[in-house]
Amino acid sequence: MKVSYKMIDKELRLIGLLVKPISRASLRLFKFVQYFAVKSRGAMIEGLDCEEQFIGGYENDEEVRIRIYKPLNQSDKPLPIVLYCHGGGYALTVPETSAPQIKALLDTRDCIVIAPDYRKSIEHPYPAALNDCYATLKWIKDNAEKLGARSDQIMVVGHSAGGGLTAAITLLARDKKEVNIAFQMPIYPMIDDRGNTPSAQDNDSPFWNTKLNTLGWDLYLKDLKSRNEDIPVYAAPARETDYSNLPPTATFVGDLEPFKDETIAYVENLKKAGVTTKFKLYKNCFHGFDAVVPKAKISQKANKFILDEFSYAIDNYFSSQSN
């Protein structure tokens, strides 16, 4: 899918042109970006109560650094709690780099956001990131009362690779039956390693393209491929064939990005399985447009859509824990 200058929304074009020349796939690029991302660890978000903790890993795995975000002067009323998974192709960034997205959730409705600094695929391929996020989900359930949270309103949200982790965690939670999730928002999720959809093939759009996507998946699935093992659905949720009994879902995607077709297929599979699903496709938009150019009109529309759905979920979706 070749993306020309004229195909991009007018308010996104300039940034798209500036980003496009550096959107080249290389491990050196990934390491360079991650070097600077790590420097933001510990950064606070103005107007929020921000805390850092280290929790036990999944099945005695490595500890997980988490960031806890709450409203200032939190009331005694238990709040919905969100597991937020940041993006970065499974290889890059830290929770602090998603500060605008986290703050938007808390500005929309009072809630608690827990964001794990899951291990990155540059050094730790699948299942490290998934294990860290799932360990965080279990910790949320076990500590909901201490956190001042509602155990019947555990939600999972993520962008890009964080959206892929959101979808994977939700599948894993459904299958393991250890935590009930009330709602999920896997926003333009990275969920299909096969790269065989029209939007994923030969895509040269800004910010994230076919070459970067291939590198991202190669890093994430490196150990599985080296052992010639089948790719599990928890690594690439688009490979799932049973989408039943998943929580209500909301997501959106741009029509110029590699993840367009896999996101649409995911949404259609959820709907066929009877899952309540809200979805928007935004024309003339590349991957991450809402974060890269947040003041563009179309970005504001996309962010309003997802935050409205988040607010609706808080008012309407509940799932009590079974034990």
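In this predicted model, L165 offers a point of entry to the interior: beyond its sequence neighbours up to four places away, L165 touches C85, Y90, Y118, A129, L130, C133 and Y220. Both L165 and Y220 are listed, with F30, I114, L137 and I169, as the residues with the most contacts inside the largest nonpolar core, a set of 52 residues. Several elements build this core, each supplying at least two residues: the strands β2 (64-71), β3 (79-85), β4 (112-116) and β5 (149-159), together with the helices α4 (128-147), α5 (161-176) and α6 (210-220). The largest share, 10 residues, is that of α4. Separate from this core is a second one of 41 residues, which includes V82, A99, F252 and A296.

Helix α4 deserves a closer look. Of its 20 residues, 16 are buried, and the helix is accordingly described as mostly covered. Its course is interrupted by a kink of about 45°, centred on K141. Backbone features of note are found on either side of the helix. In the loop between β4 and α4 lies P127, and the peptide bond that joins Y126 to P127 is cis, with omega near 15°. After α4 comes G148, whose phi is positive, near 80°.

A second helix, α10, spans residues 297-316. Its 20 residues reach 28 Å from the first C-alpha to the last, close to the 28 Å expected at 1.5 Å a residue. The buried residues of α10 are I298, S299, A302, F305, I306, L307, E309, F310, S311, A313 and I314. In considering such a list, it is useful to recall that an α-helix has 3.6 residues a turn, so residues three or four places apart point the same way.

Helix α10 also takes part in the electrostatic pairing of the model. D315 of this helix forms a salt bridge with R109, with 2.8 Å between the closest N and O atoms. R109 belongs to the loop between α3 (99-108) and β4, and the pair therefore links distant parts of the chain, 206 residues apart. Both partners are partly exposed: R109 has a relative accessible area of 24%, and D315 one of 48%.

Across the whole structure, a search finds 23 salt bridges. Another of these joins the side chains of R41 and D117, at 2.9 Å from N to O. Because R41 sits in the loop between α2 (27-38) and β1 (48-55), while D117 sits in the loop between β4 and α4, this pair ties together parts that are 76 residues apart in sequence. The two partners fall into separate accessibility classes: R41 counts as partly exposed at 40% relative accessibility, whereas D117, at 9%, is buried.

A further salt bridge is formed by the side chains of R150 and D152, at 2.8 Å from N to O. Here R150 is partly exposed, with a relative accessible area of 29%, and D152 is buried, with 16%. Through shared partners, salt bridges also join R41, E52, R65, R67, E96, D117 and K120 into one network; the pair R41 and D117 described above thus has both of its members in this network.

The loop between β5 and α5 contains S160. Its relative accessible area is 8%, below the 20% limit, and S160 is therefore buried. Leaving aside residues up to four places away in sequence, S160 touches G87, I187, Y188, P189, M190, F259 and H287.

Two loop residues complete this account of the backbone. E59 has a positive phi of about 50° although it is not a glycine; this residue lies in the loop between β1 and β2 and is exposed, with a relative accessible area of 63%. D202, likewise not a glycine, has a positive phi of about 50°. D202 is located in the loop between β6 (183-187) and α6, and with a relative accessible area of 54% it is exposed.

Key:
Residues are numbered from 1 along each chain as its sequence is written. This is a predicted model: local features need pLDDT of at least 70, side-chain atom pairs count only at pLDDT 80 or more; totals for chains, interfaces and linings use all residues. Side-chain values use heavy atoms; hydrogens and water are left out. A nonpolar core is a set of buried Ala, Val, Leu, Ile, Met, Phe, Trp, Tyr and Cys residues joined through side-chain atoms within 4.5 Å. Buried means under 20% relative accessible area, exposed over 50%, partly exposed in between (1.4 Å probe, protein chains only). Helices (H or I, at least four residues) and strands (E, at least two) are DSSP runs, numbered from the N terminus. Contact means heavy atoms within 4.5 Å. The expected span of a helix is 1.5 Å times one less than its number of residues. A salt bridge is a side-chain nitrogen of Lys or Arg within 4 Å of a carboxyl oxygen of Asp or Glu. The bend at a residue is the angle between axes fitted to the seven residues ending there and the seven starting there.
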